[in-house]
Amino acid sequence: MAKNSAKDIEVKAFATHHVITQPNPLRKVLRRVEEKDMDDPIGRAEQALAGLSGEFKSWMTTEVNRLSTAYVAIRNDGFSKERRDELFHAAHDIKGDAATFGFPAAAGVAESLCRIIEHAPDLEKVPAELFTHHINAILAIVHENTRLDSISVSAELSRRLRKVADDYLTDVNRDRPEHLEVILAPSIVPVE
Amino acid sequence: MFRIDFNKLRFLVCDDNPHMRRILRTLLHSFGAREVYEAEDGATALEMYSHYVPDIVITDWAMPIFDGLELAQMIRQPESKGNPYAPIIMLTGHSEKRRVTVARDAGVTEFLAKPISAKGLYQRILNVVASPRPFIKTKTYFGPDRRRNTNSAYMGPERRVGEKHEVLQQPSLLDKARSTI
């Protein structure tokens with residue numbers, strides 16, 4: 001359904017570019033309805049997501065175990081491209097998934113860890129404590145998250161680790177303006 | 001008001017993380033979609049893209065074999081036998097502005113930064129269904145028009161040239177400064 005036939009596609013040629021327009025191939029899935037007839041697909045989806053929430057803790061445990069294993073391999077054998085990539089991907093997945101799974105502070109710590117891996121000029125020279133503090137913090141947040149009093153502690157831990165990591169990255173990238181610009185740029189994700 | 005008949009749409013979801021695929025599948029099914037195909041890497045996604053001809057592609061960025069960015073570039077081949085125009089929604093943990101620019105330049109239609117929400121995903125799907133943009137082909141780019149709107153305050157040279165009506169007449173900085181005195 002998504003593709004129009006060639007005769008429907010209109011091409012306007014300009015000196016440096018072509019502008020290609022075509023009838024909206026997805027127009028058939030749009031239906032105009034009265035407000036009273038609108039259902040609530042977003043509400044339905046949120047309910048369905050809530051229905052999955054019983055599995056989130058176990059999914060999160062799988063993700064942190066992967067991160068932990070990736071770092072143990074680096075501690076034992078040092079950084080290689082594959083080991084670095086595995087650590088980054090494990091941290092990056094937690095950064096993306098943890099808030100959905102109910103662990104927003106873990107997402108913040110994982111983001112900080114991703115920034116270290118991406119922007120440190122030489123990973124071998126990054127103090128090992130910077131890695132272990134981040135990984136231990138994620139483990140602690142996930143294991144202790146059910147205790148209400150730990151939520152504000154988790155958020156504070158996340159903020160402090162981010163500050164330490166940013167100070168380190170700002171210092172080691174002082175002669176690399178292209179990295180410094182990215183490190184200091186604000187995130188596009190709105191702060192909740 | 002518009003309602004989307006999700007049951008008429010075919011989706012291809014590409015993410016190496018099984019948990020995220022499950023979440024996406026759950027959200028799409030609860031919107032009403034029936035046909036949701038899943039791939040766990042870019043290469044499989046490209047094969048499935050040719051085979052199933054999805055209406056909308058939702059892809060992660062960081063993936064094995066080749067990533068979501070490369071997948072977008074491979075789909076956006078104007079001479080390909082497949083459909084180079086399908087909307088591509090990039091759903092990613094990357095949250096820096098420069099990543100949005102890179103994704104846009106690879107031909108991605110919409111960018112959605114994780115954490116995912118039902119509202120954010122629905123909004124991106126509504127955008128690509130209800131407001132498709134024309135495609136632009138240049139020597140170095142083929143994909144949806146990267147200019148979503150015209151900025152009347154823009155000062156500088158028009159980078160797209162070729163026809164008179166395409167050239168924006170911009171006041172000089174000096175004229176602009178004078179007019180504000």
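**Where chains A and B meet**

In this predicted model, 44 residues of chain A are in contact with 48 residues of chain B. Several elements of chain B give two or more residues to the side that touches chain A: the strands β1 (2–4) and β7 (135–137), together with the helices α1 (18–31), α4 (97–105) and α5 (118–130). Of these, α1(B) supplies the largest share, with 7 residues. Sorted by class, the side of chain B that touches chain A holds 25 nonpolar residues, alongside 13 charged and 10 polar ones.

The two chains also share a sheet. It is an open sheet of 4 strands, and following the order from one end to the other gives β1(A)-β2(A)-β7(B)-β8(B), with antiparallel pairing. At the edges stand β1 (10–13) of chain A and β8 (142–144) of chain B; each has a single partner strand, so one side of each is left without a neighbour in the sheet. On average, and ignoring direction, neighbouring strands of this sheet are turned by 20° against each other.

A closer look at the chain A part of this sheet is helpful for finding one's way in the structure. Here β1(A) is joined by 4 bridges to β2 of chain A (residues 18–21), and these strands run antiparallel. One residue pair to look for is A:Glu10, which stands opposite A:Thr21 in β2(A).

Another strand pairing links the chains as well. Strand β3 of chain A, residues 30–32, pairs with β1(B) over 3 bridges, in the antiparallel sense. Within this pairing, A:Leu30 has B:Ile4 of β1(B) as its bridge partner. The strand β1(B) is also among the elements that give two or more residues to the side of chain B touching chain A.

Notes:
Residues are numbered from 1 along each chain as its sequence is written. Chains are lettered from A and ligands numbered from 1 in the order in which they are written. This is a predicted model: local features need pLDDT of at least 70, side-chain atom pairs count only at pLDDT 80 or more; totals for chains, interfaces and linings use all residues. Two strands pair if DSSP finds at least two bridges between them. Axes are lines fitted to C-alpha atoms, for helices over the stretch in contact, and angles run from 0 to 180 degrees between N-to-C directions. Two residues are in contact if their C-beta atoms, placed from the backbone, lie within 7 Å. Ala, Val, Leu, Ile, Met, Phe, Trp, Tyr, Cys and Pro count as nonpolar, Asp, Glu, Lys and Arg as charged, and the others, Gly among them, as polar.
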